[in-house]
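Here is a short report on salt bridges. It follows a few pairs and their surroundings.

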Amino acid sequence: MLDLIDQINRTMTDLGPSKQVRLARTYDTTTEDLWDACTDPQRLSRWFEPVSGELREGGRYRLDGSGTTGTIEECVAPTRLRITWEYGDDTSVVEVTITGTEDGATLELTHTVPDNEHWLTYGPGATGVGWETSFLAVGFFLSGDDRATPAELEKLLSTPEGAEYIRRAASAWGDAHTTAGADPATARTAADSVAGFYTSAE
């Protein structure tokens, strides 16, 4: 699993009152298959969460596991999805783009989040590492690996190998934070906090 670290491209953009966390990975499949894996309720529930609601452009959705809700603002199969991401008191925006490449299909996800206390503490890593686990899961799912299920992925991430992956991913997000202009010490502290949160080391 650790070799997947280098398969994910990580960037962030500072927009002042909001921040954008972006990650991308190419999968050995078609654009249509990757889109279907990310939007078909039955397939989505096997590697992400069960989803319910009015699953159409303009409709409201609910992720039944986490309680996240939102509006499907744009849905252009098989290439583009834009949704609001409403969890607790926070509202953010998630955009998914799928493009075909010579090597398969590239999934790019951009999450635009508010510049708040949570960001100050954790930086891009909290959002980035969280989505990375989903990128891992969909890769497992597409390859027929049983570790794709939420329960099995949780077990994997609780192993020493999984904890090392989390630490390295958090560090990579710290590097992206610095590249975007953050003070290196601040970025490293935030990355360490993310790693501690996900590995329960704090």
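Is Arg 43 buried or exposed? Arg 43 is buried, at a relative accessible area of 19%. Buried means under 20% relative accessible area, exposed over 50%, and partly exposed in between (1.4 Å probe, protein chains only).

This is a predicted model: local features need pLDDT of at least 70, side-chain atom pairs count only at pLDDT 80 or more, and totals for chains, interfaces and linings use all residues. Residues are numbered from 1 along each chain as its sequence is written, and side-chain values use heavy atoms, with hydrogens and water left out.

The structure holds 17 salt bridges. Each is a side-chain nitrogen of Lys or Arg within 4 Å of a carboxyl oxygen of Asp or Glu. Three pairs, including their closest N and O atoms:

| Acid | Base | Closest N and O atoms |
|---|---|---|
| Asp 115 | Lys 19 | 3.4 Å |
| Asp 33 | Arg 43 | 3.0 Å |
| Glu 95 | Arg 80 | 2.8 Å |

Asp 115 forms a salt bridge with Lys 19. The pair links distant parts of the chain, 96 residues apart: Asp 115 sits in the loop between β8 (104-114) and α3 (117-122), Lys 19 in strand β2 (residues 18-27). Helices (H or I, at least four residues) and strands (E, at least two) are DSSP runs, numbered from the N terminus. Asp 115 is partly exposed at 39%. Lys 19 is buried at 6%.

Asp 33 pairs with Arg 43 in a salt bridge. Asp 33 lies in helix α1 (residues 31-39) and Arg 43 in helix α2 (residues 41-44), so the bridge ties together parts 10 residues apart in sequence.

Glu 95 bridges to Arg 80. Glu 95 is buried at 15% relative accessibility, while Arg 80 is partly exposed at 26%. Salt bridges with shared partners join Glu 73, Glu 74, Arg 80, Arg 82 and Glu 95 into one network.
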